[in-house]
Structure formats: structure tokens, C-alpha cells
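Trainee: Could you pick one part of this model and take me through it strand by strand? I'd like to see how it's put together, then how it sits with what's around it.

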Number of protein chains: 2
Amino acid sequence: MNVTSLNGEPTVVQVAGSVSAPAGFRAAGIACGIKKTGNLDLALIASDTPAAAAAVFTLNKAQAAPVVVSKARLKTSGGRGHVVVINSGCANACTGPAGLKTAEAMADAAADALRADRSHVLVASTGVIGVALDRDVVCAGIAKASTALSSSGGPDAARAIMTTDPFPKEAAAEVTTASGRFRVGGIAKGSGMIEPLMATMLAVITTDAGVAPALLQRALSAVVNDTFNAISVDGECSTNDCVFALANGASGVTLVDRDFDVLVEALRRVCEPLAIGIVRGGEGATKVVTIEVTGGASNDEAKKAARAIANSPLVKTAVHGADPNWGRLVAVAGRAGVEFDLERARVRIGDVELFAGGRPFDERAPQASEHLTGKDVLLHVDLGTGGAGRARMWTCDLSADYVKINAEYRT
Amino acid sequence: MNVTSLNGEPTVVQVAGSVSAPAGFRAAGIACGIKKTGNLDLALIASDTPAAAAAVFTLNKAQAAPVVVSKARLKTSGGRGHVVVINSGCANACTGPAGLKTAEAMADAAADALRADRSHVLVASTGVIGVALDRDVVCAGIAKASTALSSSGGPDAARAIMTTDPFPKEAAAEVTTASGRFRVGGIAKGSGMIEPLMATMLAVITTDAGVAPALLQRALSAVVNDTFNAISVDGECSTNDCVFALANGASGVTLVDRDFDVLVEALRRVCEPLAIGIVRGGEGATKVVTIEVTGGASNDEAKKAARAIANSPLVKTAVHGADPNWGRLVAVAGRAGVEFDLERARVRIGDVELFAGGRPFDERAPQASEHLTGKDVLLHVDLGTGGAGRARMWTCDLSADYVKINAEYRT
């Protein structure tokens, strides 16, 4: 294994692939009977050897049992991970001591099936809150899934972690350096209860680069901040959000501290499309909305305004109806609790400026409406403070289907 | 006029009536041509004599022209008010210097028509943001409305300030004291862009008690905090929110500082039904949801949690679907940024406890679902901190109609 830093200018390109794209990773997704529909509901992602592990967990104070268990095991292992086990169809959240035992049993079953150290297992669950997860069913499923692991199993794993997601989310990137080539792969799932405070619903990122746990954690946290933490479907932060990263070194390329930027860029190339995929597959979503805020007193203020816009039901319904209602953008920016100057503020929809210098340009509304009929929409608000603060977030429109999905979720 | 304080125990009862119920107030609502539908769109509320005036305005930094004008006039008059003029169908917000001139012209026209001091006029507008309000049309309307003023005109005024409201909101209360009897009346309008930070969309409260401006302001602010500031339809705070109060003393009863509690109770009896009316008439609403939060580390923390629940699209859609999804209530409380103890938290829907001691009672779900099918729903979350902090808020469910109304608002 090459332990020197990268030489020359590495190139990072997105490639087709999933969580099992990096060397030395296998994945599986099976139906074990948690979902009554018979759909895939159990995923395993395994490295051939123990890997460095990093994670970002939900900040929700009502933490689900698997979050509690994964945190504890990661601490015990000192940042090592070998297997990730995830079920869908049941969140194992608010399930008391019995739920905690089930999450422990899941992790132990995965460790035993793959002869891994029990502290080297990360576990996650997604689905309905407050319903008991059948321990026997899920543990039998884990034994079965462990025999199905393969280097082409990523897409099945991506499907097996879906709940209301309309499509699976997977991405991969390849980095070519003077010292060799390595890959990053990942899967993620949405699609309701999405407004990550520190992480999104569930994502697993793998890489065959060799990375020390501390460096992997630092890079993961940085990337999550600009990707999974920069999306919102409905302003909700769930009890189960986790992003896991495993780095097993199988490519022979090792990244050290001075390669931080390359690692971040490689992770970003996987996390950004996964995050945008979560938004595109948001409950009832028909459009991905990119929100750019400039002219903030600080980046934090710009982010605060962008988040308020991303969560505004009036903005999201206007986008849904292709209504270039810039007044709602001004109103939200004005109530976002940040510095804002109405006379110097500017609002742009696509590349059509609709408000500037304190006055509207409604004659341009038809062009803006045209832009809003597309599947990818850009909203730009300059807060008019003259400051350099800027931020970007992604959200989706709010449709009647969001209401339908969530009014009938358990019925 | 009796200038002593009240004696004995005053009684406060709600009575039928509107903003013109108190003695010495007249109101009118006419159609002057701002709304293309021909519906009522201009309201005047006038005291027979100059009255004490108080107001609470939106904290939105994108303040509409009428908000700017009303603030300035109230300051100039030192808390005196004679006439309130309100148009619907156009918010006169984000309309630049021309919009400001129009708001000034509206106020001047109302003063001139009623021979009032120009500084004694309060002006408000509601409707679409960023569209110019036709100065000639509205000023001609004001002249016409001034001839229609009557003591039975309150209901017309309540109709004339409506936008997407499905019904008018009006309320009145009568206070009987040893020193005499006085009344409080009011009208309000919603129904989207409702999450008051300091005030709600528009409300006008009148009383024929004699009250000094400072006392009126203090009582109004206190009552608004627990009524209009305790409701949310969609978490939006508009550019135009105002609550005005006028006290003309025509009843012969005068309230002084030590009558603060009576004044607050009398105002509350009018403001609370108006606030709940705004929620009941919220865009697409089919239910009024009362949210009670207890066991908070402080009242502020309880209010923060209640507000997060009131604005949660997942909670609001579950209520819409009569789904007793207590897990969503736990998830929101956990992400609300307040102290929260999952093991000691409790969730109640109606009087059915569904979560306590860290475990669910799903066998009770059918009773809870039954409660949720009603038009008035109670959600109670105890945050489990053992603290005495408590708060109450009112919100509505989120229906597909909310999306429909707001996706098609201007089309």
C-alpha cells in the first residue's frame, strides 16, 4: 500500500456505480418479510476487510435504537467498520428497551454471519416510528442476505433501503492520481421527514482509498454540511438520520491529511447527486428547486434565509403552480430573522430578474413562469445588505401528492 | 365620565357582535373595484370621536407601505386614532415610493372624508404582494364608504377585509362592572401567510371603555402574544400584519392601570375567537388543532416546541388523514431545539395517551383516530423534562386544498 501523498493534479470524475463500486466492497438487498408488500427491505454492505469508519448522526433528541447502537459501536471500535446493516419498513424508533435489544441483535447477527468483530458493525433502520421490529424476522433476513453479498449488489441494497422513495439513489466517482486510482460509491434514501440538521435520512458511502478514521470523519462532516445538510423536503429532521462512510484501502491508494481537498471533492461527487436525488424523489415532488442566496451579512445568515425559503409552503406551492410569485420570496427573506434591505434586495427566477431597486418587473413574469414549468428551477435572492454572505440549498415543490402520501401513510 | 377604577368583581361575557358593537363606533364595507370579482374590498371603521389607539405590527423586514404609514402616524399622534381604513385585493407591499404615496393618500382621503386629524388615521392593505394599488380607485372608494358608515356596519367591514378567507371573523364581549358596562368588538382576516411573529394578518379591535394609549398598548401586546401570536396556518409571517385597537370611552367606563387584568380579559375574549377563527378559516383547513405542550424547561421552550409542532407538515397531514401518528409528534419535539427526555415524554391525542414511559400504546389508536375525525382536535405533548414550562398554540391541518389554493393563487 502506497502511503505517500498524491502527486500531480488528481482528476475526479463521476462514473456509473453504486455502494459496491469501490474495490473490496460487496452489497446485497433482499426481502425478508418486514414490508408486507414483499418488497426488498434488508440491505447489507460489507468490506472484505475491516475499514476505517466515520458517521454523522441525527441531532434529533428522540434518537432511534439503531442510532444509539451505531454510535456506541463506533466509539468502541475507535472508528473501524466492517459491515453496515439496514432495514426498511420499520424505524425501530420510540420502541423502548425491547427496540434497543433488537438493534443490538441485528448488529450481532451481521457480525456473526460475516465473522466480523461485533464492534465493527453499523446498523440503521427506516420506516414507521413506534412499531416494534420483529427480531427473529430481521435476524433470519441478515443470515440470508449475508449469502447474497456480491460486488454487483449495490443496486439491490439501494432498493432495499427505500420507504416512500419513488426511485433508488446511488452514485459513484473515480479519482485518478499519480499514485493510482480509487473509487467512491454510495447509496441514500429519502424521502419524507427530510431536513437534516447534521445528516440526512440514510446514506452509506464507501471508498477503496485508505483513509485514517479521523481524516475520514473530518472530510465526511465537511461534505455532509454542503450536501445532505443543504437539502430540505419538508423541514423535518428524523429520529433515524445517519450517514456512514467506510474506507477499506483496497485500491492501494492512501490519502493523508494533505489530501483533504481531494478526499472532500471525491466524496462531494457522490454525496451531492445522492442529496439532490433525495430532493428529486421527495414525497410528492415534481421539481428540484435550487435556492441561491447572496448579499447576506454572513454565510450563516445567507444559509438561514435559504433554509427559510426552502421550507416555505407558500414558495413551494407557487413553484408547484409555476407562479413567478417573487413577492413570497421577498416576504420570506424579510421574516427569516436575518439582515435584509428591501430597497437593495433582488429576486431572480431562472435568469429573469423580477424585483430590484424596490420595484417589480412584472412584465417579465411570463419568461419566469416558463422557467418554472421545467423540472429544475433556480430561485436567487440577494438580501441587499452589500455583504458577501452566500449559501445554496436544494428543495422540492409542495404538491397535493405530498399531503396525500402523508395523510394516508399508515392507513 | 367615571374616572375611578372598577369596583367589585367585573363579569366578562362574549356577546354577538362585531367591530361596531361598542358605543360610538361605526363601520362600513363596500366594493370599490379593487377586486375584479366585484366582492367587498374596502372597509372603514370610525370612532365618533378621537380615541386612544394602540397597534402591533409585523416584524417582517419587508414591510408594506401601509405598515410604514400607520407606524408613522401613530407616532405623530402619540397614540390617538379616529379612523381605520383597510383595503383587500392588493397588499400594497414591495411597491416602492409610489406605493408609499398611495398609502399616504388613502389615509389622507379617510381623514378628509371624516374630518379627522390626518395623524389619527390607521391604514392597512391585504392581498397580492408587488402589485400597484390604484390610488384613484381606492380614494374614490373611501369617499363612498364614508357615507355608508353605520353602527351595524361591522359585518360588512369584516367581509370587506377578506382575501382567501372562507368566512368573515368577528367577535364581541361585554364587561359588566360596578361602574357600568362596556364592550369590546373586533374583526380579523386570514388566511394564508399566517405565522405572526408579533401580529397576525389584520385585526381591528374597538372598545367603548376609556383607556389611556399606554395602557391600551400594554394590554394589546399581552393579549396578542397569547392569541394572534399563538396561531399558525403555514408558518409564514406576512409583510402586512397589523392589529389595531381603538378605545373611545363612549361607554362612560374608564379603565386605569389597576384594571389591567380586566382589560386583558375583555380583549382576550374578542381576540381569542378571532385568532381561532383565522385558523379555522386557514387555507384548505378542515380542522382546528389545539396544541398543548407541558413539562418544558421553561414557557419559552414549551412555546418553541408547540410552534415546531404547529408548523410540521407531517403532523398537519397526519391530522388531516385522522392518523394517530404520535411518532411524528415525538420526532418534532425531539428536533425542536429544546430540552426533551424521550423516556419521560408523554403524547396524548384527545384524552387518549399513546406514548408514555418510552413505549407506545398502539392498542388505543382506534380511539385516538376517532378523536381526529372531529373538527376540533387536541394534541398534547409533555416534553418530559419535569419542568413547569407550558404553552398553547392553535393550528390547522394541511390539506391538498392548501396546495391547490396557493399553487393557483395568481393564475
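Mentor: Sure, let's start in the middle of a sheet in chain B: β14(B) is joined to strand β17 of chain B, residues 376-382, by 4 bridges, and the two run antiparallel. Keep in mind throughout that this is a predicted model. To find the register, look at R348(B), whose bridge partner in β17(B) is H380(B).

Now turn to another partner of that strand. β14(B), which covers residues 346-349, is also linked by 4 bridges to strand β15 of chain B, residues 352-356, again in the antiparallel sense. Here R346(B) is set opposite A356(B) of β15(B). β14(B) and β15(B) make a hairpin with 2 residues between the strands, and in it G350(B) adopts a positive phi near 60°. Follow A356(B) one strand further: its bridge partner in β16(B) is R359(B). That pair belongs to the antiparallel link between β15(B) and β16(B), which has 2 bridges.

Zoom out and you have the whole thing: an open sheet of 7 strands in chain B, ordered β10-β18-β13-β17-β14-β15-β16, with mixed pairing. At the edges you'll find β10 (231-232) and β16 (359-360) of chain B, each pairing on one side only. Helices pack on this sheet as well. One of them is α6 of chain B (residues 260-280), which touches β10, β13 (288-296) and β18 (389-396) of chain B and points at about 50° to β18(B). Another is α9 of chain B (residues 326-335), in touch with β14, β15 and β17 of chain B, its direction making about 135° with that of β14(B).

Flip over to chain A and you can walk through its sheet too. It is an open one of 7 strands, in the order β10-β18-β13-β17-β14-β15-β16, and the pairing is mixed. β10 and β16 (359-360) of chain A are at the edges with a single partner strand each, so each has one side without a neighbour in the sheet. Inside the sheet, strand β14 of chain A (346-349) runs antiparallel to strand β17 of chain A (376-382), with 4 bridges between them. V347(A) is a handy marker, as its bridge partner in β17(A) is V381(A). For the packing, helix α7 of chain A (residues 299-310) touches β10, β13 (288-296), β17 and β18 (389-396) of chain A, and its direction makes about 20° with that of β18(A). Helix α9 of chain A (326-335) lies across β14, β15 (352-356) and β17 of chain A, at about 135° to β14(A).

How does that fit into the chain? Chain A splits into domain 1, residues 11-280, and domain 2, residues 288-407. The centres of the two domains of chain A, taken over C-alpha atoms, are 32 Å apart. Where they meet, 12 residues of domain 1 of chain A contact 11 residues of domain 2 of chain A. On the domain 1 side, β10 (231-232) and α6 (260-280) of chain A each supply at least two of the residues. The largest share of that side, 4 residues, comes from α6(A). By type, the domain 1 side has 6 nonpolar, 4 polar and 2 charged residues.

While you're in chain A, have a look at β4(A), residues 80-88, too. Of its 9 residues, 8 are buried, so the strand is largely enclosed by the rest of the structure. Strand β3 of chain A (42-57) is joined to β4(A) by 7 bridges, antiparallel, and A52(A) has R80(A) as its bridge partner there. With strand β5 of chain A (121-126), β4(A) pairs in the parallel sense over 6 bridges; V83(A) stands opposite V121(A) in β5(A).

Last stop: N92(A), in the loop between β4 and α2 (96-113) of chain A. N92(A) counts as buried because it has 32 C-beta neighbours inside 10 Å. Its contacts beyond four places in sequence include A64(A), P66(A), T102(A), S125(A) and L133(A). S125(A) is 33 residues away from N92(A) in sequence, yet their C-alpha atoms are 6.3 Å apart.

Terms used:
Residues numbered from 1 in each chain as written. Chains lettered and ligands numbered in written order. Predicted model: local features only at pLDDT ≥ 70, side-chain atom pairs only at ≥ 80, totals over all residues. Pairing = 2+ DSSP bridges. Domains from an automatic or database assignment. Contact = placed C-beta atoms within 7 Å. Nonpolar A, V, L, I, M, F, W, Y, C, P; charged D, E, K, R; others polar. Axes fitted to C-alpha atoms, helices over the stretch in contact; angles between N-to-C directions. Buried ≥ 20, exposed ≤ 12 C-beta atoms within 10 Å, placed from the backbone.
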